[in-house]
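The report below concerns a pocket and the packing of the helices in one protein chain.

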Amino acid sequence: MPLDEDVVAAIYRDHGTALRRFVLSASRDPQLAEDVVQETVLRVWQQAPEITGSLRSYLFRTARNIMIDNYRKAQRRPAEALERDLADPADAVERVDELLNRVLMEEALLRLSSEHRDVLVALHYRRFTVNEASVQLNIPSGTVKSRAFYAVRALRTILDEMGVER
């Protein structure tokens, strides 16, 4: 299949910065990050007809898999692994998975209404009680409970649409 430079450029333009930031948070090596981003975009471009769900979540999952593959290859070459200052393989995979989950959750939260997002952030990220969230958001505690219920339902739907496995 010939390379469609416009499609590849559009993927870079729309997702390259976020992908690079994601990869850099796991590797700290700018050249490695750029290599992973390039490989990710090319792989996703090749798979574009078969992609269902969110392109962005597919990009991040692909980048995650490339980073894990690169790490495993480096483990077979111990000198390279030492140069890159990588930790235990299980820790590296766990760290990348944690970063991916955080990125996907942030994207899903952004798709919620601001009312639903505010309640979930107050209850689950800031660890407020219902009464504390009620005071902070200036809404009745019954409204906090109701919005939390519907926000979780909406968030599950959004995550399913993004192709995120629970």
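What follows describes a predicted model, beginning with its nonpolar cores and ending with a pocket.

The largest nonpolar core holds 33 residues, and among these L19, F22, V23, V36, M67, L155 and M162 touch the most other members. Helices α1, α2, α3, α5 and α8 (141–162) each supply at least two residues of this core. Separate from it is a second core of 7 residues, including V119, L123, I139 and A148.

Two residues show some of the packing in more detail. V37, which belongs to helix α2 (residues 30–47), is buried, its relative accessible area being 1%. The C-alpha atoms of V37 and F22 lie 9.6 Å apart, although 15 residues separate the two along the chain. The contacts of V37 and V36, leaving aside neighbours within four places in sequence, are set out here.

| Residue | In contact with |
|---|---|
| V37 | Y12, G16, L19, R20 and V23 |
| V36 | V23, A63, I66, M67 and N70 |

The second largest pocket encloses about 220 Å³ of space. Its lining is made up of A18, R21, F22, S25, R56, F60, L99, R102, V103, E106, E107 and L110, and these residues comprise 6 nonpolar, 1 polar and 5 charged. At least two lining residues come from each of α1 (5–27), α3 (55–76) and α5 (89–111), with α5 giving the most, 6 residues. F22 thus appears in the lining of the second largest pocket and is also listed among the members of the largest nonpolar core that touch the most others.

Terms used:
Residues numbered from 1 in each chain as written. Predicted model: local features only at pLDDT ≥ 70, side-chain atom pairs only at ≥ 80, totals over all residues. Heavy atoms only, no water. 1 Å grid on protein atoms, 1.4 Å probe; cavity = no way out; pocket = protein on both sides within 12 Å on 5 of 7 lines; lining within 4 Å. Points joined across faces, edges and corners; volume = space filled by probe spheres on them. Helix = DSSP H or I, 4+ residues; strand = E, 2+ residues; numbered from the N terminus. Nonpolar A, V, L, I, M, F, W, Y, C, P; charged D, E, K, R; others polar. Buried < 20%, exposed > 50% of the residue type's maximum accessible area, 1.4 Å probe, protein only. Contact = heavy atoms within 4.5 Å. Core = buried A, V, L, I, M, F, W, Y, C linked by side-chain atoms within 4.5 Å.
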